Amino acid sequence: MKLVKKRIWIIIAIALIVLAVLLWLAWTYLNGRNGPVWQFILDPEAHQDWVTPAGYQCQDAPFSIPTDGFIGYLYGDVFQVGKRHQGIDIFAGTESGVTPVYAPYDGYLTREESWKSTIIIRVPQDPLQPDRQIWIYMTHLADRYGNSLIDELFPPGAKEIPVKQGQILGYQGDYSGNPDRPVGVHLHLSIVKDDGAGNYLNELVFSNTLDPSPYFGMYLNAKTALKGPPRCIRDTGVD
Ligand SMILES: [Zn+2]
């Protein structure tokens, strides 16, 4: 009899621990940036005050915001254990193919032959460190089926086409590579390092990318981000 009682208590204790862990996971999930991103995707109209407009440029910052939307995920956000986000995600809150994407800075645009949704802009002189070259990588410019939403000026195989800051490049889409699992309509942007020989490094590796915060003059790093939609570093006085 005593043994049965003991077992029941052990089961209750385990159940309580599991419940506590689940509650903690749900709380951290919703309390991070996932909560706001889902709120925005489900009802963008109700959260238009979270939107940063395309072309917006913080004082003294070299780059302009490339598209209308809520800057929902930041540099260094963790989606999977051990994997940090190499850039920022800007959610349009519209259907695929509606919200234009513009060049955030002058450079030379390349689109590899196999790229349905991706473009990369070579910036010969990093405005913050002029002795080096950097690259601006932008993706999800295709619909869920892989129909490209990139402007026809930049067909597959396009190489080194000069683009000016503010020039239209295409539209936000939700292409993930799998039509059954589209991502929410957004633009992913990463600033990618050069290998020193004129080629861009693999943007999937976090250490190959740069913190976009100083380029946009905004709090875009998950480590230093303030609550709410990203704001200009200058305006907050928290530099
Ligand atoms: Zn992203």
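Okay, let's start with one word: a residue is called buried when its relative accessible area is under 20%, exposed when that area is over 50%, and partly exposed in between. Keep that in your head, because F63 has a relative accessibility of 0%, and so F63 counts as buried. We'll come back to F63 in a minute.

One thing to say up front: what you're looking at is a predicted model.

So, the overall picture. The protein has 4 helices and 12 strands. If you follow the C-alpha trace along its principal axes, it spans about 80 × 45 × 40 Å. There are 239 residues in the protein, and 41% of them are buried. Now look at who touches whom: take the contacts with a separation of 6 or more, and 59% of those are between residues 24 or more positions apart. On the outside, the accessible surface comes to about 13200 Å², and carbon and sulfur atoms account for 58% of that. As for charge, we have 20 positive and 25 negative ones, and their mean positions sit 16 Å apart.

Right, on to the rings. When you talk about two aromatic rings, you describe the pair by the distance of the centres and the angle of the planes. In this protein the count is 11 aromatic pairs. One of them is F63 with Y105, a tilted pair with 5.1 Å from centre to centre and 35° between the planes. Why do I like this one? F63 is in the loop between helix 2 and strand 1, while Y105 is in the loop between strand 5 and strand 6, so the pair ties together parts that are 42 residues apart in sequence. And remember our first word: F63 is buried, whereas Y105, at 21% relative accessibility, counts as partly exposed.

Here's another pair, W135 and Y200. Which kind of pair is it, given that the planes are at 70°? The ring centres are 5.2 Å apart and, with that 70° angle, the pair is edge-to-face. W135 belongs to strand 8, and Y200 to the loop between strand 11 and strand 12, so to speak a link between distant parts of the chain, 65 residues apart. W135 is buried at 4% relative accessibility, and Y200 is partly exposed at 27%.

Back to F63 for a second: together with Y105, Y215 and F216, F63 forms one aromatic cluster.

Next up, the metal. Which residues hold the zinc ion as protein donors? They are H85 through NE2, D89 through OD and H188 through ND1, lying 2.0 to 2.1 Å from the zinc ion. Along the chain, these donors follow the spacing H-x3-D-x98-H. Are H85 and D89 buried or exposed? H85 is buried, with a relative accessible area of 4%, and D89 is buried too, at 5%.

Last stop, L189. You'll find L189 in strand 11, and L189 is buried, with a relative accessible area of 1%. What does L189 touch, leaving aside its neighbours within four places in sequence? The contacts are P66, G87, I88, P104, I136, Y137, M138 and F216. And there's F216 again, a member of that aromatic cluster with F63. One more distance: L189 and D211 are 22 residues apart along the chain, and their C-alpha atoms are separated by 11 Å.

That's my tour, thanks for listening!

Definitions and conventions. Residues are numbered from 1 along each chain as its sequence is written. This is a predicted model: local features need pLDDT of at least 70, side-chain atom pairs count only at pLDDT 80 or more; totals for chains, interfaces and linings use all residues. Side-chain values use heavy atoms; hydrogens and water are left out. Helices (H or I, at least four residues) and strands (E, at least two) are DSSP runs, numbered from the N terminus. Buried means under 20% relative accessible area, exposed over 50%, partly exposed in between (1.4 Å probe, protein chains only). Contact means heavy atoms within 4.5 Å. Accessible areas come from the Shrake-Rupley method with a 1.4 Å probe; for residues, only the protein chains shown count as cover. Lys and Arg count as positive and Asp and Glu as negative; His and the chain ends are not counted. The place of a charge is taken as NZ of Lys, CZ of Arg, CG of Asp or CD of Glu. Rings of Phe, Tyr and Trp (its six-membered ring) pair if their centres lie within 6.5 Å; planes under 30 degrees apart count as stacked, over 60 as edge-to-face and the rest as tilted. Donors are N, O and S atoms within 2.8 Å of the metal (3.2 Å for Na, K and Ca); water is not among the atoms, so sites may look incomplete.
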